[in-house]
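Thanks for coming. I have one model to go through today, and I will start with the chain as a whole before turning to single residues. Please have a look at it first.

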Amino acid sequence: VADTRGYCVRVGCVGPMLTLIFAMSVVDIGALSAYLIVATPRPLAPGSRSFIDVVEACIGVWDFALVASVSLEVALCASAWRLYRE
């Protein structure tokens, strides 16, 4: 079982680390919000109406990467906050 009294906690690096993680999360959430507001769906190929074609036309690989980045940074921020509170 890991202990919360590691080197970074004893030296006092958790506060600045949490600030940096929080700032990155806010910027990524802002980028995701701006993308969801501004982005327009790509046109579909004529005659293709399957679910996969519609999803690929609306959401691309980079969109999924942005969503994954935001979710991972929010989880990292929550973990660092729990460590900071102890």
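How much area does the chain expose, and what share of it do carbon and sulfur atoms supply? The exposed area is about 6,800 Å², and carbon and sulfur supply 71% of it. Keep in mind that this is a predicted model, and the values I quote are computed from it.

Now the overall layout. The secondary structure consists of four helices and zero strands, so in sequence order the pattern reads α-α-α-α. The radius of gyration is 19 Å, while the globule rule gives 12 Å for 86 residues, so the chain is more spread out than a compact globule. Along the principal axes, the C-alpha atoms fill a box of roughly 65 × 30 × 15 Å. Buried residues account for 17% of the 86 in the chain.

Next, contacts and charges. Take the contacts between residues at least 6 apart in sequence: 72% of these join residues at least 24 apart. As for charge, there are 6 positive and 7 negative side chains, and the centres of the two sets lie 9 Å apart.

On to single residues, beginning with serine 25. This serine sits in helix 2, which runs over residues 14–38. Is serine 25 buried or exposed? Its relative accessible area is 5%, and the cut-off for buried is under 20%, so serine 25 is buried. Which residues does serine 25 touch, once neighbours within four places in sequence are set aside? They are Glu73, Val74 and Cys77. With glutamate 73 there is also a polar contact: the side chain of serine 25 reaches the backbone oxygen of that residue at 3.3 Å.

Serine 71 belongs to helix 4, residues 61–85. Its relative accessibility is 43%, which makes serine 71 partly exposed. A polar atom of its side chain lies 2.9 Å from the backbone oxygen of alanine 68. Where does serine 71 stand relative to isoleucine 29? The two are 42 residues apart along the chain, and their C-alpha atoms are separated by 9.1 Å.

Serine 79 is another residue of helix 4. At 47% relative accessibility, serine 79 counts as partly exposed. Its C-alpha lies 9.4 Å from the C-alpha of leucine 18, with the two positions 61 residues apart in sequence numbering.

Last, valine 9, in helix 1, which covers residues 7–11. Valine 9 has a relative accessible area of 35% and is partly exposed. How far from glutamate 86 is valine 9, in sequence and in space? The separation is 77 residues in sequence and 9.9 Å in space, C-alpha to C-alpha.

To recap the serines: serine 25 is buried, whereas serine 71 is partly exposed and serine 79 is partly exposed. That is the end of my part.

Conventions:
Residues numbered from 1 in each chain as written. Predicted model: local features only at pLDDT ≥ 70, side-chain atom pairs only at ≥ 80, totals over all residues. Heavy atoms only, no water. Helix = DSSP H or I, 4+ residues; strand = E, 2+ residues; numbered from the N terminus. Buried < 20%, exposed > 50% of the residue type's maximum accessible area, 1.4 Å probe, protein only. Polar contact = N/O pair within 3.5 Å; in protein donor to acceptor, adjacent residues only side chain to side chain. Rg over C-alpha atoms; globule rule 2.2 N^0.38 Å. Contact = heavy atoms within 4.5 Å. Areas by Shrake-Rupley, 256 points an atom, 1.4 Å probe, with all protein chains shown as cover. Lys, Arg positive; Asp, Glu negative; His and termini not counted. Charge placed at Lys NZ, Arg CZ, Asp CG, Glu CD.
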